[in-house]
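This report concerns a helix pair and the sheet associated with it. The sequence and the structure are shown first.

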Amino acid sequence: MKDWMRKWLIAGMTCLVLLWGCGAGMLLTHYSRQNNASEAVINQVRLQVNALRLYIAEYHKQIPYDLKLQQTLRSMAQDQQVSLLYTNLEGQILYDTLEENTRENIDVNTELHYDLYHAKENHGNYSIAFPIVDETTNIQVGNAIFTMPESEIFTQKSYAVPASLFIMMTVMFLILCFLLFLLAKKIRTHMIGRVHQLKEYSEAILKGNYENTMEYTTMDEIGEVYAMFDQMRMEIMHHSRRRDEQEQAQKELVSTISHELKTPLTTLTAYIEMIREGGCRDMTSVMEYVEVMHNNALKMTRLTEDLLQHALQELGQISVTLTEQYSKDVLTRILQPVGHYVRSTGVIFMEPEHIPNVLIHVDANRLEQVITNLISNALKHTSSGDSIRVGTVLEQGHLKITIADTGKGILPQDLPFVFDRYFKGKSRMKPESVGTGLGLSICKHIIEAHQGSISFQSVPDQGTVFYCYIPVR
């Protein structure tokens, strides 16, 4: 809102400055109009002396010798308040209304002016020349030079009205500037300040601080907004309390284990379909497929047992039974069936070149659940031709299990919430591959129950890497 107000004020002030400039420009244009209207004025002069020009053209041969014609010309010139000098083409003066003039010739190159700019003389007079053309032959026979004062050429105009308009525009400009200043102060004090308070109030609600209240004594439009915000706070506080009370009573594990049943069931279905379609060429292949199916059936059995066990518990915690086992045997049993399934989807599966054979304190079934979940999640973000790589190394007293894929990765805005229960983010998977958002939260719970940790790195369109750390005994 502050940015909008600033831009609006700039635009308004710009418009006002332009308005003032237009008024000043109108006044300057008015003052300089007579200098820009030379062509119109010369036409006016031509009309003014037209009768004299026609009279000279008609009697140009007799005028130098006929005193009566000269007297008529002098009277006409006096009526028009001009003086007349009539010359032939060589510059010889044939007639001059100013009798005191003793000159007999003029310089046709320097004293004949046909425009106002060069015709201006001292003392505010103009000497404008017009050619005299014989009416019979249409041939120029001489020039008539008319001398007249400036007052007879230009009409004197009053500047009182435009000056008054300019003063009024200036006063209006100052008044509008003052009003804009008052408007900005009003908006900054009574609107932007209140909006900032509402922002802080909203942030407190967003952080779960529902006890913070705000009061606004004036019941105007802003006061109504404050009242609605306070009502919203009370509603959110009520629903939050109800949610907290019900959260302990929910059987979240029912949904969690149901989600975990999907992976082995999908694997079992896929292998059955391959056997039905004749994908096994001999009994050895059939037995390998049956072994994978058997392992997944056992997994579903274990998950079903967990579902029955934990459905009776109010807290819904996943049980983890830790026993000492050698890592190589455990991981080999886990990765072998998973590798078959991954390769069947067209994705390249790379098992670890070397598995450290160290003693670890784990629940093999839960560790298998973690690895299977992470690989299944990687499959959802990869397509045929991509790869999933599993690595195992010893690092600072921990067995580090790495599961990396070359898939689409995770969007940056989803990274902080990956391990939150039910969080799915803006999925980049196929609609049929979208899960319930429970898998990664289960993995985190299981790894932490092993006194270990889980983390990840992800770059959009480059892939994701998960790291699981299990303490070594």
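Two strands are taken to pair if DSSP finds at least two bridges between them. The model is predicted. In it, strand β6 is joined to strand β8 by 3 bridges, and the two strands run parallel. Within this region, M350 stands opposite R389 in β8.

The wider sheet is open and consists of 5 strands in the order β6-β8-β9-β11-β10, with mixed pairing. β6 and β10 stand at the edges with a single partner strand each, so one side of each is left without a neighbour in the sheet. On average, neighbouring strands are turned by 15° against each other, direction ignored. Helix α13 packs on this sheet, where it touches β6, β8, β9, β10 and β11. The direction of α13 makes about 20° with that of β9.

| Strand | Residues |
|---|---|
| β6 | 348-350 |
| β8 | 387-395 |
| β9 | 398-405 |
| β10 | 453-459 |
| β11 | 463-471 |

Helix α13 (residues 364-380) also packs against helix α12 (residues 327-344), at an angle of about 30° and with the axes 10 Å apart. Angles under 35 degrees count as roughly parallel, and α12 and α13 are therefore roughly parallel to each other. Their crossing is right-handed. On the α12 side, the contact involves V330, L331, I334, L335, V338, Y341 and V342; these meet A364, L367, E368, I371, T372, I375 and L379 in α13. The residues of this contact divide into 12 nonpolar, 1 polar and 1 charged.

Definitions and conventions:
Residues are numbered from 1 along each chain as its sequence is written. This is a predicted model: local features need pLDDT of at least 70, side-chain atom pairs count only at pLDDT 80 or more; totals for chains, interfaces and linings use all residues. Side-chain values use heavy atoms; hydrogens and water are left out. Axes are lines fitted to C-alpha atoms, for helices over the stretch in contact, and angles run from 0 to 180 degrees between N-to-C directions. Helices (H or I, at least four residues) and strands (E, at least two) are DSSP runs, numbered from the N terminus. Angles under 35 degrees count as roughly parallel, over 145 as roughly antiparallel, 65 to 115 as roughly perpendicular and the rest as oblique. A crossing is left-handed if the near helix is turned anticlockwise from the far one by less than a right angle, and right-handed if clockwise. Contact means heavy atoms within 4.5 Å. Ala, Val, Leu, Ile, Met, Phe, Trp, Tyr, Cys and Pro count as nonpolar, Asp, Glu, Lys and Arg as charged, and the others, Gly among them, as polar.
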